[in-house]
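The following questions and answers work through a predicted model, taking the sheet, the helices and the ligand surroundings in turn.

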Amino acid sequence: MVKITTLSELTLDGKLSLGPGASSKDLFDFYGDELRAWFHGQRASNDAIMVGAGTVRSDDPELTVRHAAGKNPLRVVPCSRGDLPTDCRLLNDGAPTLIAVSALATETAVEALRARPHVEVVVCGEDAVDLPGLMAALEARGVRSLIVEGGSRLLHSLHALGLISRIIIKHIPVISGAEEAPTYLRSGEHGARLSLSRWKLEELFALSGVAISTYLPLEATA
Ligand SMILES: NC(=O)c1ccc[n+]([C@@H]2O[C@H](COP(=O)([O-])OP(=O)(O)OC[C@H]3O[C@@H](n4cnc5c(N)ncnc54)[C@H](OP(=O)(O)O)[C@@H]3O)[C@@H](O)[C@H]2O)c1
């Protein structure tokens, strides 16, 4: 089974970014070098890294290891129609990337993705990407650990499916004040209802003036 850790930065008012449409990269401005190195070390210690298509569209992330030693994890993006921006970094920088699409993706969209060097496409799911199916495909490729860096809808789906083994939150000491900014979890169009899940604090520490808390599912710690 692929062990899934989520890693998110949250403002003190519980937001994933400073406003609607803003990139969560703006929150990186509040980082110091020590935190940045730790953060990239978390990436390096996982076989794969995943964000949702929404995050690729808004943040255009690199998802590589740059501020720590270690290998780049395999980058994974669920994108139902395979319609990521053609100029996004993930499709153009030549590092290995796996795009998961659903049956909604046209053959043309899939072929265009497959034509990119180092981009692999898997098809799983009807409307949205079937995340358990994607995990099985990753496991078949030897992926044992996956770090998920958001955003709200992908995190919501993973929680709804009970797939998460560990939560890491970086508590960025700012208040965004932006009511419409995305919150930690948001159900998408077809999002299932979340039920209560209880988590146990595993670790609490500070780096570069930012508190970091990690949590394990309560039942797994008994
Ligand atoms: N602070 C942080 O730690 C952090 C980290 C990352 C992102 N963010 C912020 O989060 C926001 C983006 O969040 P978001 O909710 O719009 O996007 P998201 O969660 O990154 O991506 C969601 C999209 O992924 C695709 N998808 C395919 N299958 C899915 C499935 N089974 N479950 C969920 N999604 C699936 C869907 O797009 P298609 O319909 O195209 O398939 C869906 O709309 C941005 O503001 C970004 O800055 C913050």
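Two strands are taken to pair if DSSP finds at least two bridges between them.

Q: In which sense, parallel or antiparallel, do strand 2 and strand 6 pair?
A: Strand 2 covers residues 48–50, and 3 bridges link it with strand 6. Within this pairing Ile49 stands opposite Ile147 of strand 6. The sense of the pairing between strand 2 and strand 6 is parallel.

Q: Which residue of strand 6 stands opposite Thr5?
A: Strand 1 is joined to strand 6, residues 145–148, by 4 bridges in the parallel sense. In strand 6, the residue opposite Thr5 is Ile147.

Q: Which strands stand at the edges of the sheet?
A: The sheet is open and mixed in its pairing, with 9 strands in the order 5-4-3-2-6-1-7-9-8. An edge strand here has a single partner strand, so one of its sides is left without a neighbour in the sheet. The strands in this position are strand 5 (119–123) and strand 8 (199–207).

Q: Which residue of strand 4 stands opposite Val77?
A: Strand 3, residues 74–78, and strand 4, residues 97–101, run parallel and are joined by 4 bridges. Opposite Val77, strand 4 places Ile99.

Q: What angle does the direction of helix 6 make with that of strand 6?
A: Helix 6 packs on the sheet, where it touches strand 1, strand 3 and strand 6. Between the direction of helix 6 and that of strand 6, the angle is about 135 degrees.

Q: Which helix gives the most residues to the shell around the ligand?
A: The ligand is surrounded by 31 residues, with Gly52, Gly54, Ser80, Gly150 and Gly151 the closest. Strand 1 (3–11), helix 2 (53–59) and helix 6 (152–160) each supply at least two residues of this shell. The largest contribution, 5 residues, comes from helix 2.

Q: How many residues of the shell around the ligand are charged?
A: Divided by class, the shell around the ligand contains 11 nonpolar and 14 polar residues. The number of charged residues in this shell is 6.

Q: Why does Tyr215 count as partly exposed?
A: Tyr215 belongs to strand 9, residues 210–217, and, leaving aside its neighbours within four places in sequence, its contacts include Arg166, Trp199 and Leu201. A residue is buried if 20 or more other C-beta atoms lie within 10 Å of its own, and exposed if 12 or fewer do. Tyr215 has 19 C-beta neighbours inside 10 Å, and therefore counts as partly exposed.

Notes: Residues are numbered from 1 along each chain as its sequence is written. This is a predicted model: local features need pLDDT of at least 70, side-chain atom pairs count only at pLDDT 80 or more; totals for chains, interfaces and linings use all residues. Two residues are in contact if their C-beta atoms, placed from the backbone, lie within 7 Å. A residue is near a molecule or strand if its C-beta atom, placed from the backbone, lies within 6 Å of it. Ala, Val, Leu, Ile, Met, Phe, Trp, Tyr, Cys and Pro count as nonpolar, Asp, Glu, Lys and Arg as charged, and the others, Gly among them, as polar. Axes are lines fitted to C-alpha atoms, for helices over the stretch in contact, and angles run from 0 to 180 degrees between N-to-C directions.
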